[in-house]
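Trainee: I would like to go through this structure step by step. Please keep the answers short and explain each term when it comes up.

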Amino acid sequence: VQLLESGGGLVQAGGSLRLSCVASITSGRTFSNYAMAWFRLAPGKERVLVAAVSWRGGTTYYSDSVQGRFTISRDNAKNTLYLQMNSLKSEDTAVYYCAADPGYGNSWSSIATWDFGSWGRGAQVTVSS
């Protein structure tokens, strides 16, 4: 699966942005065969899982740092993943990556430890204070 993020940019602290990730799938699978996630990589830090959504969108995961401010969602009819980011803070500044994995052999409860197999190129989000 190929993933392409969009929607990044520069925003003031307290503002909002919405990231999108469109999936191109040629393997015979469908978008709903993949659990989806957003990761971010900030300067000088390790890449971390920000949010994840289950195959049909019924279950979500958020890191403590974004819980209550970010919302992950997916539209399986459009092969698209979203991340609505509200009340942005300077510490949210990072490159945000979309990731997909079918999750074979993994349980949702361990989503924070999954080794996602497909990645987008990333979208820069910069929050000015």
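**Strands, loops and burial**

Mentor: We start with one pair: Arg74 stands opposite Leu81 in β8. This is a predicted model, in which local features need pLDDT of at least 70, side-chain atom pairs count only at pLDDT 80 or more, and totals for chains, interfaces and linings use all residues. Residues are numbered from 1 along each chain as its sequence is written, and side-chain values use heavy atoms, with hydrogens and water left out.

Trainee: How many helices and strands does the protein chain have?

Mentor: Helices (H or I, at least four residues) and strands (E, at least two) are DSSP runs, numbered from the N terminus. Read from the N terminus on, every element in the order is β: β-β-β-β-β-β-β-β-β-β-β. The count is zero helices and 11 strands.

Trainee: Which radius of gyration does the protein chain have, and what would a compact globule have?

Mentor: The radius of gyration is taken over C-alpha atoms, and the globule rule is 2.2 Å times the number of residues to the power 0.38. Along its principal axes, the C-alpha trace spans about 45 × 25 × 25 Å. For 129 residues the rule gives a value near 14 Å, and the protein chain agrees with it at 14 Å.

Trainee: What percentage of the residues in the protein chain is buried?

Mentor: Buried means under 20% relative accessible area, exposed over 50%, and partly exposed in between (1.4 Å probe, protein chains only). Of the 129 residues, the buried ones make up 43%.

Trainee: In strand β7, which residues point to the buried face?

Mentor: Strand β7 covers residues 70-75, and its side chains alternate. Thr71, Ser73 and Asp75 point to one face and are not buried. The buried residues on the other face are Phe70, Ile72 and Arg74.

Trainee: How many bridges join β7 to β8?

Mentor: Two strands pair if DSSP finds at least two bridges between them. Strand β8 covers residues 80-85, and β7 and β8 run antiparallel. The number of bridges joining them is six.

Trainee: Which residue in the hairpin of β7 and β8 takes a positive phi?

Mentor: Most residues other than glycine have a negative phi. This hairpin has four residues between the strands, and the residue in question has a phi near 55° although it is not glycine. At 25% relative accessibility, it counts as partly exposed. The residue is Asn79.

Trainee: Where is Ser87, and what is its phi?

Mentor: Ser87 is in the loop between β8 and β9 (94-101). With a relative accessible area of 43%, Ser87 is partly exposed. Its phi is also a positive value in a residue other than glycine, near 50°.

Trainee: Is Leu19 buried or exposed?

Mentor: Leu19 is in strand β3 (residues 17-24). Contact means heavy atoms within 4.5 Å, and, not counting residues up to four places away in sequence, Leu19 touches several residues, including Trp38, Leu81, Tyr96 and Val125. Its relative accessibility is 0%, so Leu19 counts as buried.

Trainee: Why is β9 described as largely enclosed by the rest of the structure?

Mentor: The description rests on a count of buried residues in β9, which has eight residues. β9 is largely enclosed because the buried ones number seven of the eight.

Trainee: Which strand pairs with β9 over seven bridges?

Mentor: β9 has several antiparallel partners, among them β11 (residues 123-128) with three bridges and β10 (residues 118-119) with two. In the β11 pairing, Val95 stands opposite Gln124. Ala100 stands opposite Ser118 in β10, and Ala100 is also the bridge partner of Met36. The strand that pairs with β9 over seven bridges, in the antiparallel sense, is β4 (residues 35-41).

Trainee: What distance separates the C-alpha atoms of Thr113 and Leu49?

Mentor: Thr113 lies in the loop between β9 and β10. With a relative accessible area of 63%, Thr113 is exposed. Thr113 and Leu49 are 64 residues apart along the chain, and their C-alpha atoms are separated by 9.1 Å.
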